[in-house]
Amino acid sequence: LAVRGGGNVETQGSAGAVLRSAAPLPRPFTLPLRIPDVLRPTSTHDGTDYYDITQREERQEILPGLKTVVWGYEGRFPGPTLVSRRGRQTVVRHHNALPVPTVVHLHGGKTPAEHDGYPTDLVQPGARREYVYPLDQPAATLWYHDHRMDFTGPQVYRGLAGFHLVHDDEEDRLGLPSGDRDIPLLITDRAFHEDGSFRYPSRDPSLRGEPGVTDEFMSGVLGDCVLVNGVPWPVLEVEGARYRFRLLNGSNARRYHLALDPPPPGGVAFTQVGGDQGLLAAPVEHERLPIAQAERFDVVVDFSAYRPGQEVTLINTLGRGGTRDVLRFVVTRRGRDDSRVPSRLAELEPLSRDQARVERDFVFARGGAEHHGTTLWTVNGEPFSPDHVAAEVRPGSVELWRIRVQNVAHPVHLHLVPFQVLDGGPTTAGWKDTVDLDSGGQADLLVRFPDDPSYAGRYVFHCHNLEHEDMMMMANFDLR
Ligand code: C2O
Ligand code: CU
């Protein structure tokens with residue numbers, strides 16, 4: 001049985017104390033939502049699209065009147081959105097113009113090992129690196145983010161994250177809301193220093209005068225300001241029509257329970273059409289949507305249930321004060337709407353327990369290893385090491401992975417492979433790549449490994465609380 005969602009207190013049983021901003025924060029719902037630009041290919045030939053991205057530092061106005069130094073893809077937080085077609089090869093050439101090594105991982109991508117962004121496969125400052133993505137996978141909301149070993153938390157916090165959407169014909173035929181009514185929403189929390197810079201309790205004293213490895217840091221970094229697409233508590237004007245929102249929790253350590261306030265009269269708040277790895281077999285309705293770090297929910301919201309002029313707030317029922325507010329919609333007028341949400345969405349083959357020839361147990365907990373007197377987060381008692389293989393898996397096989405988590409909640413993510421959660425309940429429908437478990441919780445995952453020999457190699461799986469990940473809650477599987 002999958003038990004999900006954190007507790008209902010601000011610390012959520014999984015993360016440290018909330019860092020307070022010293023800079024003045026804007027009044028909620030005064031700044032317009034930004035939608036990241038779609039990046040155009042630099043060139044296209046032989047069925048491959050080539051993109052160029054420079055990772056660089058830039059000053060971005062996040063808080064009114066202040067400049068925040070951002071480490072961004074193309075200097076922006078979030079980075080530009082990439083849009084690909086299923087099966088059409090996408091090559092992204094990254095140029096690292098930052099003062100630190102980086103690694104790019106396409107989260108949710110079915111990517112050969114050498115392009116998957118292994119945590120020690122560094123792009124040094126000044127260097128360039130080409131990542132090749134076959135994208136031989138169904139339409140889905142993927143995202144790309146930094147994955148540097150030991151430093152993923154601080155580097156993502158400083159801005160290294162963006163969307164990568166995959167479309168396919170099956171999705172096109174459905175008639176879901178599209179164009180201006182298909183909007184990616186990256187939800188993150190941050191705290192700010194007085195001068196507007198990001199506040200992160202770093203282990204590297206050269207970065208900022210913050211405490212070193214404290215328990216607060218170990219548990220996960222929480223900010224007091226919720227940003228959507230890099231804007232604090234933004235506002236978005238919508239027409240009275242259906243919209244598709246691609247919700248992504250890109251926070252380091254915060255999980256949210258999303259709801260609409262007020263709920264649509266006589267309707268349902270969220271009609272989920274897709275999850276981490278793409279479209280569901282059939283829509284699932286939610287009044288409240290728990291979303292853990294790295295999870296994606298593609299939902300349709302029908303604003304025709306509201307009257308023109310009405311304000312509707314996307315709230316986080318786990319939050320208090322500023323972390324309760326997320327985003328406000330203002331319904332302008334009735335809009336023409338040809339979109340639909342069909343009752344059948346995608347062909348998904350349900351896996352069953354007896355297809356699994358191998359069963360493995362993984363315990364995500366604190367303990368088994370120390371670093372400077374701090375007890376680390378581990379998988380089966382082992383801290384991450386690039387040389388230690390926790391599972392050798394066979395191409396084309398289905399395995400049952402029994403995940404148990406202890407001490408606090410942990411969102412567990414597997415690279416490369418989609419999985420189905422057995423008996424997981426309504427929020428775990430479809431193919432997923434991240435599953436959230438409460439302390440003491442357990443989930444049985446049916447994992448399918450690709451048959452194609454081009455995917456042979458070593459991949460990681462880990463907790464997506466980024467501070468837990470940096471504090472070694474990560475392991476390897478070898479596909480061969
Ligand atoms: Cu979102 Cu290993 O990553
Ligand atoms: Cu964790």
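A residue is buried if 20 or more other C-beta atoms lie within 10 Å of its own, exposed if 12 or fewer, and partly exposed in between, with C-beta atoms placed from the backbone. Keep in mind that this is a predicted model, where local features need pLDDT of at least 70, side-chain atom pairs count only at pLDDT 80 or more, and totals for chains, interfaces and linings use all residues. Residues are numbered from 1 along each chain as its sequence is written, while chains are lettered from A and ligands numbered from 1 in the order in which they are written.

**Exercise 1.** Sort aspartate 423, proline 134 and leucine 135 into buried, partly exposed or exposed.

*Solution.*
- Step 1: Aspartate 423 has 10 C-beta neighbours inside 10 Å, so it goes down as exposed.
- Step 2: For proline 134 the count is 18, so we call it partly exposed.
- Step 3: Leucine 135 has 23 such neighbours and is therefore buried.

**Exercise 2.** Find the loops that hold these three residues, and look at the backbone there.

*Solution.*
- Step 1: Strands are DSSP runs of E with at least two residues, helices are runs of H or I with at least four, and both are numbered from the N terminus.
- Step 2: Proline 134 sits in the loop between strand E7 (128-133) and strand E8 (140-146), and leucine 135 is in the loop between E7 and E8 too.
- Step 3: Aspartate 423 belongs to the loop between strand E27 (419-421) and strand E28 (434-437).
- Step 4: Check phi. Leucine 135 is not a glycine, yet its phi is positive, about 50 degrees; aspartate 423, also not a glycine, has a positive phi of about 50 degrees.
- Step 5: Now jump along the chain: proline 134 and arginine 86 are 48 residues apart in sequence, but their C-alpha atoms are 8.4 Å apart in space.

**Exercise 3.** Which peptide bond leading into proline 78 is cis, and where does that proline lie? Do the same for proline 262.

*Solution.*
- Step 1: The bond from phenylalanine 77 to proline 78 is cis, with omega near -5 degrees.
- Step 2: Proline 78 lies in the loop between strand E3 (68-73) and strand E4 (82-85).
- Step 3: The bond from aspartate 261 to proline 262 is cis as well, with omega near 0 degrees.
- Step 4: Proline 262 is in the loop between strand E15 (256-261) and strand E16 (270-275).

**Exercise 4.** Describe how the protein is divided, and how domain 1 meets domain 3.

*Solution.*
- Step 1: There are domain 1 (43-174), domain 2 (179-334) and domain 3 (353-479), with bounds from an automatic or database domain assignment.
- Step 2: The C-alpha centres of domain 1 and domain 3 are 23 Å apart.
- Step 3: Count contacts, meaning C-beta atoms, placed from the backbone, within 7 Å of each other: 15 residues of domain 1 touch 15 residues of domain 3.

**Exercise 5.** Which residues have the most contacts inside the largest nonpolar core?

*Solution.*
- Step 1: Such a core is a set of buried Ala, Val, Leu, Ile, Met, Phe, Trp, Tyr and Cys residues joined through C-beta atoms within 7 Å.
- Step 2: The largest one has 80 residues, and Ile187, Leu247, Val299 and Val326 have the most contacts inside it.
- Step 3: At least three of its residues come from each of domain 1 (43-174) and domain 2 (179-334).
- Step 4: A second, separate core has 36 residues, including Leu437 and Met474.
- Step 5: Back to isoleucine 187: leaving out residues up to four places away in sequence, its contacts include Val226, Leu247, Tyr256 and Val326.

Definitions and conventions
Two residues are in contact if their C-beta atoms, placed from the backbone, lie within 7 Å.
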